[in-house]
2 protein chains.
Amino acid sequence: MDLVFKALADESRRLLLDRLRADNGQTLNQLCAGLPGMTRQAVSKHLVILEEANLIAAIKRGREKLHYLNPVPIHEIAERWIGKFERSRLDALSQLKQALERRDE
Amino acid sequence: MDLVFKALADESRRLLLDRLRADNGQTLNQLCAGLPGMTRQAVSKHLVILEEANLIAAIKRGREKLHYLNPVPIHEIAERWIGKFERSRLDALSQLKQALERRDE
DNA sequence: TTGACAGGCAACTAAAAGGTTGCATATTGT
DNA sequence: ACAATATGCAACCTTTTAGTTGCCTGTCAA
């Protein structure tokens, strides 16, 4: 799960995921168009990181490589990790409020 | 939002959030106990990063500083960011499946 | 079959991240 | 008042990360 969080920490990589969500199965060169002012190799490295985090799956078709979004890891983070914070969310909020009010006692 | 993702990218910081979720309003020294083999200053730096991402709020009480979880940013990420991927989740999944099946045509 | 196109690999650089040590400052209990 | 406690600040070091350039390999189409 650490790999997923690390992968999501970069704006360019989140943008790549956005692009794939809008239009799944794109090639490296297509994805490069979404990241102007960055070399193909840089984008390629980002894609490798996303693959290693299992956030995308790549399939070679002839001389090109198609990239597909894998929604599973994001879903797991939502369920397992964010979920537990959501469960105690209102609690934490009221504790924070009370602490802020007690501030100038 | 970038600050939040960056803050969440580190295991130690996620652990600190976990600790606060279990026991809100802890001091720096208390939190240090949860990160053995790391100096107080290192933990302090992590807390600053979490504060800057608005994931926690710190309140000075005398010579100590109490740290409270702020559940809002995590909630926003769940709603605004993860939400949009969840909406196209099953779509992406079936597209991925189909692409994998087409692989050895 | 050869040139153009899609992508991979490796070495290198610059900047950011994570951590440490040492010292300074403020608060509290005796 | 003063020693102990709780935290802050700054300089420094090391590793990781993001990006580049240059070159190599495989595939397709004329």
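In this predicted model, chain B can be superposed on chain A with an RMSD of 0.1 Å by a turn of 180 degrees, combined with a shift of 0.0 Å along the axis. That is the relation of a two-fold axis. The same surface serves both copies, since 100% of the contact residues of chain B recur in chain A. Among the residues of chain B, B:Ala9 comes closest to the rotation axis, its C-alpha lying at 3.0 Å.

The fold of the individual subunit may be followed in chain A. Six helices and two strands make up its secondary structure, and along the sequence they follow the pattern α-α-α-α-β-β-α-α. The two strands are thus placed after four helices and before the final two. As to overall dimensions, the C-alpha atoms of chain A fill a box of roughly 70 × 30 × 25 Å along the principal axes. The radius of gyration of chain A is 19 Å, whereas a compact globule of 105 residues would have a value near 13 Å. Buried residues constitute 46% of the 105 residues in chain A. Of the contacts in chain A with a separation of 6 or more, 50% are accounted for by residues 24 or more positions apart.

Both chains take part in the surface near DNA strand D. At least two residues each are supplied by helix 4 (40-52) of chain A and, from chain B, by helix 3 (28-32), helix 4 (40-52) and strand 2 (64-69). Helix 4 of chain A gives the most to this surface, with five residues. In terms of residue class, the surface near DNA strand D comprises four nonpolar, nine polar and nine charged residues.

Of the 22 residues around DNA strand D, those that come nearest are A:Thr39, A:Lys45, A:His46, B:Arg40 and B:Lys65. On the side of the nucleic acid, sugar and phosphate account for 65% of the atoms of DNA strand D that come within 4 Å of the protein. Individual side chains illustrate the approach to the phosphates. An N or O atom in the side chain of B:Lys65, one of the nearest residues, is 2.8 Å from a phosphate oxygen of DNA strand D. For A:Arg13, the corresponding distance from a side-chain N or O atom to a phosphate oxygen of DNA strand D is 3.2 Å. A side-chain N or O atom of A:Asp10 is 3.5 Å from a phosphate oxygen of DNA strand D.

Definitions and conventions
Residues are numbered from 1 along each chain as its sequence is written. Chains are lettered from A and ligands numbered from 1 in the order in which they are written. This is a predicted model: local features need pLDDT of at least 70, side-chain atom pairs count only at pLDDT 80 or more; totals for chains, interfaces and linings use all residues. Side-chain values use heavy atoms; hydrogens and water are left out. Copies are superposed by least squares on the C-alpha atoms of residues with pLDDT of at least 70 in both. Contact means heavy atoms within 4.5 Å. A residue is near a molecule or strand if one of its heavy atoms lies within 4 Å of it. A polar contact is a pair of N or O atoms within 3.5 Å; within protein, one must be able to donate a hydrogen and the other to accept it, and residues adjacent in sequence count only if both atoms are side-chain atoms. Ala, Val, Leu, Ile, Met, Phe, Trp, Tyr, Cys and Pro count as nonpolar, Asp, Glu, Lys and Arg as charged, and the others, Gly among them, as polar. The radius of gyration is taken over C-alpha atoms; the globule rule is 2.2 Å times the number of residues to the power 0.38. Buried means under 20% relative accessible area, exposed over 50%, partly exposed in between (1.4 Å probe, protein chains only).
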